[in-house]
2 protein chains.
Amino acid sequence: MPKATQDKSDQIGGAAMEGGGFYNRHSAMQAAGISLLLDDWEAAVRSTVLGEGPIVIADYGSSQGRNSMAPMRIAIDEFRARACAERPIQIVHTDLPSNDFAALFTALNDDPASYMAGANNVFASAIGRSYFAPILPPKSVNLAWNTWTLHWISGPVIVARDHAFPGFSQDPSVVEAVEKRQREDLTDFLKSRSYELKPGARLLSASVGRSQGTTGWNWIGDAFWGSIEDLGREGLLSREERTAMTVPVNARTEDQLRAPFGSTGHYEGLKLLKAEVLTVPDNTWATYLANGNAQQLGTSHANMVRAFSGPTIANALSGRADTAQILDQLYARLAARLAVAPQLHEGKLAVIVVEKS
Amino acid sequence: MPKATQDKSDQIGGAAMEGGGFYNRHSAMQAAGISLLLDDWEAAVRSTVLGEGPIVIADYGSSQGRNSMAPMRIAIDEFRARACAERPIQIVHTDLPSNDFAALFTALNDDPASYMAGANNVFASAIGRSYFAPILPPKSVNLAWNTWTLHWISGPVIVARDHAFPGFSQDPSVVEAVEKRQREDLTDFLKSRSYELKPGARLLSASVGRSQGTTGWNWIGDAFWGSIEDLGREGLLSREERTAMTVPVNARTEDQLRAPFGSTGHYEGLKLLKAEVLTVPDNTWATYLANGNAQQLGTSHANMVRAFSGPTIANALSGRADTAQILDQLYARLAARLAVAPQLHEGKLAVIVVEKS
C-alpha cells in the first residue's frame with residue numbers, strides 16, 4: 001500500500017518512501033492507478049479558474065515525483081493554451097520532511113519525462129511538511145493533486161501483532177483504532193486543503209480503497225506477513241521486531257470517503273463532486289501471462305512492497321548492523337513466496353474530487 | 001571555502017554540501033560571517049515594501065538551512081510587526097538539486113532555532129535548481145538573502161594540478177579561467193535575481209572574498225593540498241585522483257564585485273548600494289587561546305573543510321570501495337597538519353547589497 005506516512009504529531013508512525021530513487025523505479029502499480037484518474041483530472045484542469053497572478057498547482061504527497069510528471073504536464077499544457085506564454089505556473093510538491101527531495105529535484109531537472117523539459121515560465125518547488133495542517137498560504141492553490149498517500153495513517157504507531165497491515169489484523173481493537181485515526185486524518189486533510197484552495201479550485205485525491213469487501217491486497221499482504229514470520233522462525237527477527245513491523249496504512253470504502261460530507265455533500269467549504277472506488281489493472285499479471293516468468297512476477301511485487309514498506313521495516317530493526325541484509329532477505333523471501341503460485345493482484349483505488357465553494 | 005557548487009551547464013563541477021546534516025553541524029565559521037551582515041540585513045528588511053499578497057523572502061543557496069534561521073527570523077519579526085497577523089509570509093530556500101533538502105525540512109520542523117517554531121502564517125518551501133537562471137516567477141520576491149555560495153564556480157570543472165583551490169594555482173591559465181567564469185557567474189546571478197525581485201526589493205549577497213592581496217585561506221588551503229599530496233606519496237591516491245581534487249571555488253575582490261555595475265552603479269535594473277570585503281572573526285582561534293587544545297582546533301577546521309569539500313573529494317575517487325576510509329584519512333591528516341602549528345584563520349567575506357529599480 002503505497003506512499004508516505006503523513007505525520008501530525010511529531011511521532012512518526014512510519015517513514016518516507018525508500019530513498020535513492022528506489023520508489024521512483026518501483027512504482028509502476030501506482031502509475032497504473034494514476035492512469036485511471038486522468039479523465040477526472042482533465043475535467044478538473046478544464047474547470048480551473050485562472051484569475052490573476054501565478055497559477056499554482058499543488059501536488060500533495062509527491063514522493064520522488066515520477067508519478068506526478070504526467071498529470072502536471074496535462075495541467076501545464078491546458079493552462080498554457082488558455083493563459084499567455086508569460087503567465088507563471090508554479091508547481092508545489094509536498095511530502096514529509098524525510099522524503100528524498102534530492103531525487104525529486106534531480107528528476108525534475110534531468111528526467112526526459114519531467115514536465116520541466118521544454119517548459120517556459122514553469123517554476124517547481126517543494127514543501128517538506130505534513131499535510132494534516134495548512135502548509136500553503138490561504139486561497140493560494142488553483143488546482144490540487146494527491147495520489148497514493150492518504151491511506152498512510154498519521155500519528156503514533158498502531159501496532160498489530162498478527163499482520164504487517166493493521167487493517168488485516170484479527171484484533172478488532174486494532175482495526176477500530178486504525179479506522180478512527182483514518183476518519184480524523186481525512187477531515188484534517190480536507191480542512192487544511194479547504195484553507196489553501198482558491199474559490200472554485202478542485203482537488204483530486206486517490207488512495208488505497210476497499211470495495212465489495214476486499215482491498216485486493218490479501219494475497220500479497222499475507223505473503224508479506226508470512227515472510228516476516230518465516231524470518232522469525234529462523235531466528236533472524238525477534239518477536240518485538242516482528243510486532244514493530246506494522247506498516248501504518250489502511251484502505252477506505254466509498255462510505256468512508258463520503259462520511260465527512262454527510263447528506264449535504266458539503267464539508268468545510270468543500271463540495272463533493274465524486275467519490276468512488278476503482279479497481280487498478282495489474283500490469284505485472286499481464287507480463288506474467290505473456291512470459292510465464294513467475295520469479296519475475298514475485299520480484300516485481302516484492303520491489304513494489306519494498307518501495308513503500310522498506311523504511312518501516314528498517315525502523316523496526318532499530319539500528320541493527322545487519323539491517324540491509326535482513327531487508328534483502330525479507331523481500332527475497334516475499335518474492336519467492338509470491339512466485340510459488342502467482343495470482344492476479346488487483347488493488348483498489350479510493351477516489352474523491354472536491355471543489356472549493 | 002564554504003557551500004554549494006552552482007551549476008549552469010548540467011556538467012556538475014563540484015557537488016552539494018556534505019549530507020546527513022554534517023554541513024549544518026560544521027558551519028560555525030559561516031555563522032560568524034553571517035553575524036557581520038546583520039546590520040545590512042536589518043536595513044534591507046526595514047526598507048522592504050510589503051505591498052499586497054504573500055510576502056516572499058528568498059534564501060538563495062540555503063544548504064541545510066541552519067545559517068538561514070536567524071536572518072529569516074529577523075525578517076519575519078519585522079514584517080509581522082508591520083503587516084497584520086494573517087498576512088502570509090513565504091520563505092523559499094533554494095539550492096542545487098542534490099542538496100540535502102530532507103535535512104533542511106527536518107531542521108525547519110524540529111530545530112528549536114527554526115524560524116518556524118512558534119510562527120504563524122509562515123510557509124517554507126524549497127527549490128532544487130541552479131540559481132544561474134530564473135527559478136522563481138518574475139517580480140515575485142520581496143527580499144533576498146544569499147550567503148556563502150557565490151564563490152562556487154558553475155559549469156565544467158577547471159582542473160588545477162598543483163592545488164585543491166584553483167585560485168591558489170601557480171598556473172596563470174588556471175587562475176584566468178576561474179576568474180573569467182566567476183565574472184560570468186556574477187552577471188548571470190544578478191540578471192536572474194533582477195528578473196525575480198519586485199521593484200524596490202533588496203538582495204544581500206556575501207561569499208568568499210579577497211582584500212589586501214589575501215583571502216585568508218593560505219594556511220588551511222596549503223595544509224589541505226599538502227594532505228592530499230601526503231596521501232599520494234603514501235600510494236593511497238593516484239595522480240589522476242589528486243588532480244581531480246580541485247574544489248571549484250574562488251574569492252572575489254571588491255573591484256570584481258563592482259565590475260558589472262561599472263561607473264553608473266547600475267546593472268540590469270539593479271542599483272548597487274554597497275560592495276565591500278570584510279574580515280571574518282575566527283572563533284576557533286579564540287577557543288584555542290582559551291584552552292590551548294591544538295588537536296581540537298585542527299579537527300574543527302578539518303570538519304569545516306570537509307563540510308564543503310567532502311563531496312568533491314568523494315567524487316574524485318569515482319566509486320572506489322574505500323571512499324569513506326580515504327575521506328576519513330584525508331581529513332584526519334588535515335587536522336593533524338593544522339594542529340602542528342595553529343594559526344589565526346581570518347577568512348574574508350565579499351558583500352554586495354543591491355536594490356531592484
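**A buried arginine and a two-fold interface**

Modeller: In this predicted model, Arg252(B) is buried yet forms no salt bridge, and the nearest side chain of opposite charge, that of Asp185(B), is 5.0 Å away.

Biologist: Where in chain B does Arg252(B) lie, and which residues does Arg252(B) touch?

Modeller: Arg252(B) sits in the loop that runs between helix H8 (239-244) and helix H9 (254-258) of chain B. Leaving aside residues up to four places away in sequence, its contacts include Asp185(B) itself, together with Gln182(B), Ser207(B), Arg210(B) and Val277(B). A salt bridge would need a nitrogen–oxygen distance within 4 Å, and Arg252(B) has none.

Biologist: How should I read the relation between chain A and chain B?

Modeller: Two copies of a chain are related by a rotation about an axis and a shift along it. Here a turn of 180° with a shift of 0.0 Å along the axis lays chain A on chain B with an RMSD of 0.0 Å. That is the relation of a two-fold axis. The same surface serves both copies, since 96% of the contact residues of chain A recur in chain B. Within chain A, the residue that comes closest to the rotation axis is Ala126(A), whose C-alpha is at 2.5 Å.

Biologist: What is the area buried between chain A and chain B, and how many salt bridges and polar contacts are found there?

Modeller: The size of an interface is often given as the accessible area lost when the parts come together. Between chain A and chain B about 2000 Å² is buried, with carbon and sulfur atoms giving 58%. The rule finds 0 salt bridges across this interface, whereas 7 residue pairs are in polar contact. On the side of chain A that touches chain B, the largest share, 6 residues, comes from E3(A).

Conventions. Residues are numbered from 1 along each chain as its sequence is written. Chains are lettered from A and ligands numbered from 1 in the order in which they are written. This is a predicted model: local features need pLDDT of at least 70, side-chain atom pairs count only at pLDDT 80 or more; totals for chains, interfaces and linings use all residues. Side-chain values use heavy atoms; hydrogens and water are left out. Copies are superposed by least squares on the C-alpha atoms of residues with pLDDT of at least 70 in both. Contact means heavy atoms within 4.5 Å. Helices (H or I, at least four residues) and strands (E, at least two) are DSSP runs, numbered from the N terminus. Buried means under 20% relative accessible area, exposed over 50%, partly exposed in between (1.4 Å probe, protein chains only). Lys and Arg count as positive and Asp and Glu as negative; His and the chain ends are not counted. Buried area is the accessible area (1.4 Å probe) that two parts lose on being put together, summed over both. A polar contact is a pair of N or O atoms within 3.5 Å; within protein, one must be able to donate a hydrogen and the other to accept it, and residues adjacent in sequence count only if both atoms are side-chain atoms.
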